[in-house]
Amino acid sequence: MWSLLRFLKRYYHIFLFILLEGLSVYFLSLNSFRQGGSITSLANNISGTVYNSIDGISSYFYLKNTNADLVKENIRLRKMLSTSFVRIINTVHQKEDTVYKQMYSYVDVRVISKTVTKRNNYFMLNKGSSSGIEKDMGIISPNGVVGVVVKTTENFSLVMSVLHQDSKINVRNERTKTTGTLVWDGHHYAIGQIVDMPSSIAVKKGDTIVTSGFSRNFPEGIPVGRVKSYTKDKGTGFYNINIEFFTDYNKLDYVYAIKNYFKIEQDRLLQGIDTTTKIEEN
């Protein structure tokens, strides 16, 4: 306190000069239209420069996050290139004839409304049937799985999120290749569960979970989450696994709808099959 008083006493004349100078400029601007306009213009320019600098700094920090997401997206797309095609091999007289046909394509869409705190959560997208969006299309974000389209109109689509009691997506442990089913227990939107994964092969905390490729909605290898914790159910011989989702469902903006060109053919093949038969569909 004494140091502050000594400082003010020592430099009071400087502060007094600044105060008087400010008052002089203020009264000058009040009594002279021309000078007042010049002073106001100067003040606006200074404040505009300051706000522009602040905005630039803020944009820089947001740009860092955006660039990080774009880098992750580019890496993911590169990894997905081979999985977007199906390899067809016909062997006749020991001659291999290989043809690659595109199996998946992607449509960019934007989330315009969403819920994450209910027991059954949905997302609404800004594109519908007129943009090629169809029921049962898988939806992914730059970071992983989002959900499945359940209803469309001409211009909008409704997506059943993975945060839904009826959502069941076949996944696998990327390290061990063992498969299970992704579900959600209705609690925290950042945590999902995996059931039906056999405990005969050891799982580890931190293991990466991806889509298995058995689904008709999602290609294989789409990121899902990372193992957070697990227990063994001795009665069933399966794990009860909690995973941390890679996607933050509360911050979804732009996502991708997946078109499976072979889905109609696959659905036709399964027609008449008993639904209790052990065939993975999700």
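Tyr230 counts as partly exposed, because its relative accessibility is 37% and that class lies between buried, under 20% relative accessible area, and exposed, over 50% (1.4 Å probe, protein chains only). Before I continue, please note that this is a predicted model, in which local features need pLDDT of at least 70, side-chain atom pairs count only at pLDDT 80 or more, and totals for chains, interfaces and linings use all residues. Residues are numbered from 1 along each chain as its sequence is written, and side-chain values use heavy atoms, with hydrogens and water left out.

Tyr230 belongs to strand 12, residues 223-233; strands here are DSSP runs (E, at least two residues), numbered from the N terminus. Which residues does Tyr230 contact, leaving aside its neighbours within four places in sequence? They are Val203, Lys204, Lys205, Tyr239, Asn240 and Ile241, where contact means heavy atoms within 4.5 Å. Lys204 is 26 residues from Tyr230 in sequence, yet their C-alpha atoms are 8.4 Å apart in space. In addition, a polar atom of the Tyr230 side chain lies 3.3 Å from the backbone oxygen of Val203.

Strand 12 is part of a closed barrel of six strands, in the order 8-9-10-13-12-11, with antiparallel pairing. From one strand to the next, the twist averages 40 degrees, with axes being lines fitted to C-alpha atoms and angles running from 0 to 180 degrees between N-to-C directions. Two strands pair if DSSP finds at least two bridges between them. Strand 8 (residues 169-173) and strand 11 (residues 208-211) have three bridges, in the antiparallel sense. Within this pairing, Arg172 stands opposite Val210 in strand 11.

I turn next to the loop between strand 11 and strand 12, where Ser212 is found. Is Ser212 buried or exposed? Ser212 counts as buried, because its relative accessibility is 6%. Its side chain makes a polar contact with the side chain of Asn170 at 2.4 Å. A polar contact is a pair of N or O atoms within 3.5 Å; within protein, one must be able to donate a hydrogen and the other to accept it, and residues adjacent in sequence count only if both atoms are side-chain atoms. A polar atom of the Ser212 side chain also lies 3.1 Å from the backbone nitrogen of Phe214.

Finally, I come to backbone angles. Asp196, in strand 10 (residues 191-198), has a positive phi of about 65 degrees although it is not a glycine. Asp196 counts as partly exposed at 44% relative accessibility.

Technical notes: Helices (H or I, at least four residues) and strands (E, at least two) are DSSP runs, numbered from the N terminus.
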